[in-house]
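Dear colleague,

Please find below the structure that I promised to pass on to you. My notes follow it, and I would be glad if you read them with the model open beside you.

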Amino acid sequence: MNPYLVRLAQLAQQPSRRVIGLMSGTSLDGLDVALCRLHGHGLATRLELEEFTTVPYSADMRHRIRQVFARPQVSLEYLTLLHAWLGRTHGTMVAACLEQWQVAPAAVDLIASHGQTVYHAPHHQHQHPDFPLNATLQLGDADHLAVHTGIITVSDFRQKHVAAGGEGAPLAAYGDYLLLSSPDEERLLLNLGGIANFTYLPRAGQDAHTVFSTDTGPGNTLLDATVRTHFPTLAYDANGQLAAAGRAHAGLLATLLNHPFFESNLPKTTGPELFSVAYLQQAQQRSATPALGPEDLLATLTEFSALGVARAVRQAFGAQPKLSIYVSGGGAHNPTLLAALRRHLPGCRFATTQALGLLPDAKEAVLFAVLANEAVAGTPISLGSGRQRVPGVSMGKISWPG
Ligand SMILES: Nc1ncnc2c1ncn2[C@@H]1O[C@H](COP(=O)(O)OP(=O)(O)OP(=O)(O)O)[C@@H](O)[C@H]1O
Ligand SMILES: CC(=O)N[C@H]1[C@@H]2OC[C@@H](O2)[C@@H](O)[C@@H]1O[C@H](C)C(=O)O
């Protein structure tokens, strides 16, 4: 028998596993690396986050990814080369983290690699006549990670979700459900990344079929793009200060919100393929605001992100929702965005996932470690059976180091 298969069977039977979760999201800020000790599996999963860091992407790395990122037409040669190069580069980044943390690769059981999403194509968004299906593409082939680090690697989690009828995202529901459900409280886990999404968790032990996660629209993606255009030396609106100095423009805001995505049923997904600079420019043309100053533009876009979240929350929970909302992702550091959310959802209580013992910046990388733990030691995670597009599946593909 293949000795790696034997090793994997041993891993599956251990009481705990040490798993490195990797996530590089739509913001292209870097590779999130979470070294996790995961005890048990399924609803008995318990997390110890041993280390966490974000390895920043260099300007060159971002430039290379942007050659294909969210673009409907690209060079096939470039895409092929980038797939291998990202796998190898992520492998080098993981090896450097392990060296810095003084952890031997042999002391790590698994890597869980999300890869870099370069194109997300739910059917409602692409509507290509030849392909009536959902699709999504993550680059950074995991065989490179496995060979470079010597660690068995689980990757490409989204394809099973698509194959079983989902849109390939958000996958957060599965990890949130296993790690963060509480018998005492209904919860909303709100991640403010490039794209914003939330997971609904009923009280643990009740109504698991009502668990779901959905994208709500842009989180930081249009804010970041606007900052890059008007303030070339800045990467983002640090602490929301620029937006706080501006005033939201009602006409532009209404035009930005005038898209069928915001009316369509939950759960749903989207990406920078739709919410792009071109989307913003068209909205500015239509609302006669092309000359709006950058601070006012950022104030409007901050409102846009907050209203996208608030609309989806109301769509799911009625006009005056009263929920506990736990925020994670880079947007959790933006007080202007958080203040807008509080204004639009006045009945809700807000905290970060830190209040639940989970570092807000690490949440998504941890999520993929949990999915890999389930792929090896668990069973398909069945939760949203009452809803379409939340299939009960086991996700991830396995790469051997040799
Ligand atoms: N101090 C801060 N003030 C304001 N915004 C911040 C701050 N720190 C981070 N951000 C925002 O968070 C972004 C990074 O967020 P995050 O790493 O959660 O995104 P991501 O994982 O790439 O996105 P996604 O979840 O959509 O894949 C930055 O690009 C920036 O817009
Ligand atoms: C296709 C893709 O990579 N989607 C990401 C993206 O970033 C946020 C949002 O859009 C979410 O749908 C998803 O990531 C998280 C980790 C998820 O699947 O839950």
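The notes below take up the nonpolar cores, one helix, the ligand and a single glutamine.

This is a predicted model, in which local features need a pLDDT of at least 70 and side-chain atom pairs count only at pLDDT 80 or more, whereas totals for chains, interfaces and linings use all residues. Residues are numbered from 1 along each chain as its sequence is written, chains are lettered from A and ligands numbered from 1 in the order in which they are written, and side-chain values use heavy atoms, with hydrogens and water left out.

The largest nonpolar core (buried Ala, Val, Leu, Ile, Met, Phe, Trp, Tyr and Cys residues joined through side-chain atoms within 4.5 Å) has 64 residues, and those with the most contacts inside it are Phe157, Leu192 and Ile325. Buried here means under 20% relative accessible area, calculated with a 1.4 Å probe and protein chains only. Helix H14, residues 363-377, gives the largest share of this core, 9 residues; helices are DSSP runs (H or I) of at least four residues and strands (E) of at least two, numbered from the N terminus. Because domain 1 (3-169 + 362-377 + 394-399) and domain 2 (172-356) both give residues to this core, it lies between them; the domain bounds come from an automatic or database domain assignment. Apart from it lies another core of 28 residues, including Met93 and Ile151.

Turning to helix H8 (residues 221-230), 7 of its 10 residues are buried, so the helix is largely enclosed by the rest of the structure. The buried residues run through Thr221, Leu222, Leu223, Asp224, Ala225, Thr226 and Val227, and they pack against strands E8 (195-201) and E9 (212-218) and against helices H11 (277-286) and H12 (294-317), where contact means heavy atoms within 4.5 Å.

One of these H8 residues, Asp224, is also listed among the closest of the 21 residues that surround ligand 1, together with Thr26, Gly194, Asn239 and Gly330; a residue counts if one of its heavy atoms lies within 4 Å. Polar side-chain atoms of Asp29 and Glu364 each lie 3.1 Å from an oxygen atom of ligand 1. Taken alone, ligand 1 exposes 660 Å², of which the protein buries 88%, with areas from the Shrake-Rupley method and a 1.4 Å probe.

Finally, Gln284 lies in helix H11 and is buried, with a relative accessible area of 8%. Leaving aside residues up to four places away in sequence, Gln284 touches Leu252, Thr289, Pro290 and Leu297.

With best wishes

Terms used. Buried < 20%, exposed > 50% of the residue type's maximum accessible area, 1.4 Å probe, protein only. Polar contact = N/O pair within 3.5 Å; in protein donor to acceptor, adjacent residues only side chain to side chain.
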